[in-house]
Amino acid sequence: MSQLNEILEFNRAFVADRQYEPYRTSKWPDKKLVVLSCMDTRLTELLPRALNLKNGDAKILKTAGALIAHPFGSIMRSLLVAVYELGAVEVLVIGHHGCGMAGLDAQRMLQTMSDHGISPATFATLKGAGVDLEEWLRPVSSIPDSVRLTISNIRQHPLVPKSLAVHGLMMDPETGKLEIVSEMPSQPSFRMSE
Ligand SMILES: [Zn+2]
C-alpha cells in the first residue's frame, strides 16, 4: 500500500541525476508574496503555473478551504513569519470552485472515524473537554464568503501591519482562471518632487 519505497527509489535517482538544479533558489520569496490556498490536488501544479510562480517566488500555504480558522494557529503564524522574517508584503487568499470544504459532512466524517476504530469514549472525552467536533468540522457555506472572512481576519489581526496588501480571489480548478473577490487598493505611492 505504501508509496514510500517507490518515492525513495525515485528520489535517489532525482538527486544522483542532479535534477534539482533548475529549482535552486533561496528561502526569500523573490516576489515578496504569500499565497494561501486550498490543498485540493487539482491546484498542486495548476495554481503556480496559472500565477506564473516559479520555485523561489512565493511562500505558499495550504489548508483545506484556504481558511485561517484560528488567529493564533499555525497558518497565521506561518503568514506572520513570511511577513516579518522573510520580507513578504502582499498576500493572495485563493479559494476555488468545487471546494471539498463546502461539502464537508461532520456526521459522515465522525462515523468514518468510528469505522476506523476511534472509540465512543474518545468522542466523549473530547466533548467533556469542551471540543465541539461538529462545529470544528462544519462545512463552509460559501467559499467566496469564507475567502472574504479570511482576508478580513488577516487585515484585522493585531500583529498584521497596515501596509500588508491582502487580496481575495477564486480559481477555477479546471482552467486556473482567477476572479477577484476582494482587492485591497494599493498604497498611495510616495511622489518625488520634480
Ligand atoms: Zn478546496
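The following questions and answers go through a predicted model of a zinc-bound protein.

User: What is the average pLDDT of the protein, and how should the residues with low values be treated?
Analyst: Over residues 188-194 the pLDDT stays under 50, and the model has zero contacts for them beyond four places in sequence. Where pLDDT is low, the predicted coordinates should not be read in detail. For the protein as a whole, 94% of the residues score at least 70, and the average pLDDT is 92.

User: Which residues are the protein donors of the zinc ion?
Analyst: The donor residues follow the spacing C-x57-H-x2-C in sequence. The donor atoms, two SG and one NE2, lie 2.0 to 2.3 Å from the zinc ion, and they belong to C38, H96 and C99.

User: Is H96 buried or exposed?
Analyst: The cut-off for a buried residue is under 20% relative accessible area. Another zinc donor, C99, has a relative accessible area of 8% and is therefore buried. H96 has a relative accessibility of 0%, so H96 counts as buried.

User: In which order do the five strands of the open sheet lie?
Analyst: At one edge is β2 (58-62), and at the other is β5, each pairing on one side only. β1 and β2 run parallel and are joined by five bridges, with V35 having I60 in β2 as its bridge partner. β3 and β4 also run parallel, joined by seven bridges, whereas β4 and β5 pair in the antiparallel sense over four bridges. The pairing is thus described as mixed, and the order is β2-β1-β3-β4-β5.

User: Which residue of the turn between β4 and β5 has a positive phi?
Analyst: Within the antiparallel pair of β4 and β5 (residues 178-182), M170 stands opposite E179 in β5. The two strands form a hairpin with six residues between them, and the turn residue with a positive phi, of about 80 degrees, is G176.

User: How many of the seven residues of β4 are buried?
Analyst: In a regular strand the side chains alternate between the two faces of the sheet. On one side of β4 the buried residues are A165, H167, L169 and M171, and on the other they are V166, G168 and M170, which leaves both faces covered. β4 is largely enclosed by the rest of the structure because the number of its residues that are buried is seven of the seven.

User: Which helix lies across β1, β3, β4 and β5?
Analyst: Helix α3 lies across β1, β2 and β3, running at about 175 degrees to β2. The helix that lies across β1, β3, β4 and β5 runs at about 165 degrees to β4, and this helix is α7.

User: Which residues touch the most other members of the largest nonpolar core?
Analyst: In soluble globular proteins, nonpolar side chains tend to be buried together. The core has 43 residues, and the largest share of it, five residues, comes from α3. Leaving aside neighbours within four places in sequence, I154 is in contact with I68, L79, V91, V93, V160, L164 and V166. The residues that touch the most other members of the core are L79 and I154.

User: Is T150 buried or exposed?
Analyst: T150 has its place in helix α7. Leaving aside neighbours within four places in sequence, T150 is in contact with L36, A66, L67, I68 and V93. Its relative accessibility is 1%, so T150 counts as buried.

Methods. Residues numbered from 1 in each chain as written. Heavy atoms only, no water. Donors = N, O, S within 2.8 Å, 3.2 Å for Na, K, Ca; no water. Buried < 20%, exposed > 50% of the residue type's maximum accessible area, 1.4 Å probe, protein only. Core = buried A, V, L, I, M, F, W, Y, C linked by side-chain atoms within 4.5 Å. Contact = heavy atoms within 4.5 Å. pLDDT = per-residue confidence, 0-100. Pairing = 2+ DSSP bridges. Axes fitted to C-alpha atoms, helices over the stretch in contact; angles between N-to-C directions.
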